[in-house]
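Okay, everyone, let's get going. Have a look at the model on the screen, and I'll talk you through how it packs.

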Amino acid sequence: MDEKFSNIMISAIGLFNKYGIRSISMDDLCRDMGISKKTLYFYVRSKSDLISRMLDFQFSTGLELFQKVQNEKLNAIDTLLEFSKSLGQLLKDYKTNPTLEHDLMKYYPEIYKTHTERRNKLMIKHIKDNVRQGIKEGYYRDDLNPELIANLYITRMEDILDPEFFPEGKFSFRKIFNTMFENHIRGISNEAGIKYFETKCQNKCF
């Protein structure tokens with residue numbers, strides 16, 4: 001990927017996360033990046049195009065993280081832990097500032113809808129695969145419905161980033177994430193899975 005294009009995407013994500021999309025103009029972006037408008041418009045056609053490509057960039061980054069976890073050939077519990085860390089980061093990238101999501105929904109509804117559907121489809125697929133892997137390996141209960149578990153898990157992941165439920169400063173993200181993850185693992189695991197998870201906790205691997 002073109003390094004300058006990557007830098008533009010990273011800068012745009014940072015600014016939009018901090019101030020929201022509506023209040024940041026293309027001139028603001030150019031000033032912050034230290035580039036001319038001609039350079040910016042060499043890479044994107046418009047602000048809408050920039051936002052669409054920014055979300056594509058985030059999606060690709062998340063996909064690379066997920067594939068990296070898969071390539072490590074871990075067991076289901078370790079895979080879910082690493083996958084969830086990546087997923088949490090992916091969601092935080094555009095949910096850190098509620099204004100960002102609000103602006104996406106209000107001013108760019110089609111882009112938001114397309115991105116959210118694509119992201120959720122990817123995440124649900126990975127969680128469903130993980131449930132099947134855990135059952136096959138003998139760590140998860142064999143009476144689980146993978147699709148139901150996947151949808152519930154994604155909903156929980158989104159909820160822990162909702163500032164209405166968890167105002168900034170009340171709990172650390174790590175504390176919230178660890179509690180949610182432990183509840184999830186204990187709910188879907190059989191005796192062998194819980195024993196493995198508790199061993200990881202004792203060894204401070206979680």
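So, the largest nonpolar core: there are 29 residues in it, and the ones touching the most other members are Leu-80, Ile-127, Tyr-140 and Phe-181. Do keep in mind that this is a predicted model.

Where do those residues come from? Helix 4 (47-71), helix 5 (76-95), helix 7 (109-137), helix 8 (146-159) and helix 9 (173-188) are the elements that each put in two or more. Helix 9 is the top contributor, with six residues.

Let's zoom in on one of the hubs, Ile-127. Leaving out anything up to four places away in sequence, Ile-127 touches Leu-80 and Phe-83, and also Ala-150, Tyr-153 and Ile-154. Apart from this core there's another, made of 27 residues, and Leu-29, Val-44, Met-54 and Phe-57 are among them. As a general point, nonpolar side chains in soluble globular proteins tend to be buried together.

Now, on to a helix pair. How do helix 1 and helix 4 cross? Helix 1 covers residues 3-19, and its axis comes within 10 Å of the helix 4 axis, with a crossing angle of roughly 100°. That falls in the 65 to 115 degree window, so we call helix 1 and helix 4 roughly perpendicular to each other.

And who meets whom there? On the helix 1 side you've got Phe-5, Ser-6, Ile-8, Met-9, Ile-10, Ala-12, Ile-13 and Phe-16, and across from them in helix 4 are Lys-47, Leu-50, Ile-51, Arg-53, Met-54, Phe-57 and Gln-58. Sort the residues of that contact by type and you get eleven nonpolar, two polar and two charged. Met-54 and Phe-57 should sound familiar, since I named both for the 27-residue core.

One local detail before I zoom out. Look at the loop between helix 4 and helix 5, where you'll find Lys-73. Its phi is near 55°, so a positive value in a residue that isn't glycine. Is Lys-73 buried or exposed? Exposed, with a relative accessible area of 72%.

Okay, the whole thing. We have ten helices and zero strands. The C-alpha trace spans about 60 × 35 × 30 Å along its principal axes. Out of 206 residues, 45% count as buried. If you take contacts with a separation of 6 or more, 69% of them are between residues 24 or more positions apart. And the protein exposes about 11700 Å², with 50% of that supplied by carbon and sulfur atoms.

Notes:
Residues numbered from 1 in each chain as written. Predicted model: local features only at pLDDT ≥ 70, side-chain atom pairs only at ≥ 80, totals over all residues. Heavy atoms only, no water. Core = buried A, V, L, I, M, F, W, Y, C linked by side-chain atoms within 4.5 Å. Buried < 20%, exposed > 50% of the residue type's maximum accessible area, 1.4 Å probe, protein only. Helix = DSSP H or I, 4+ residues; strand = E, 2+ residues; numbered from the N terminus. Contact = heavy atoms within 4.5 Å. Axes fitted to C-alpha atoms, helices over the stretch in contact; angles between N-to-C directions. Parallel < 35°, antiparallel > 145°, perpendicular 65-115°, else oblique. Nonpolar A, V, L, I, M, F, W, Y, C, P; charged D, E, K, R; others polar. Areas by Shrake-Rupley, 256 points an atom, 1.4 Å probe, with all protein chains shown as cover.
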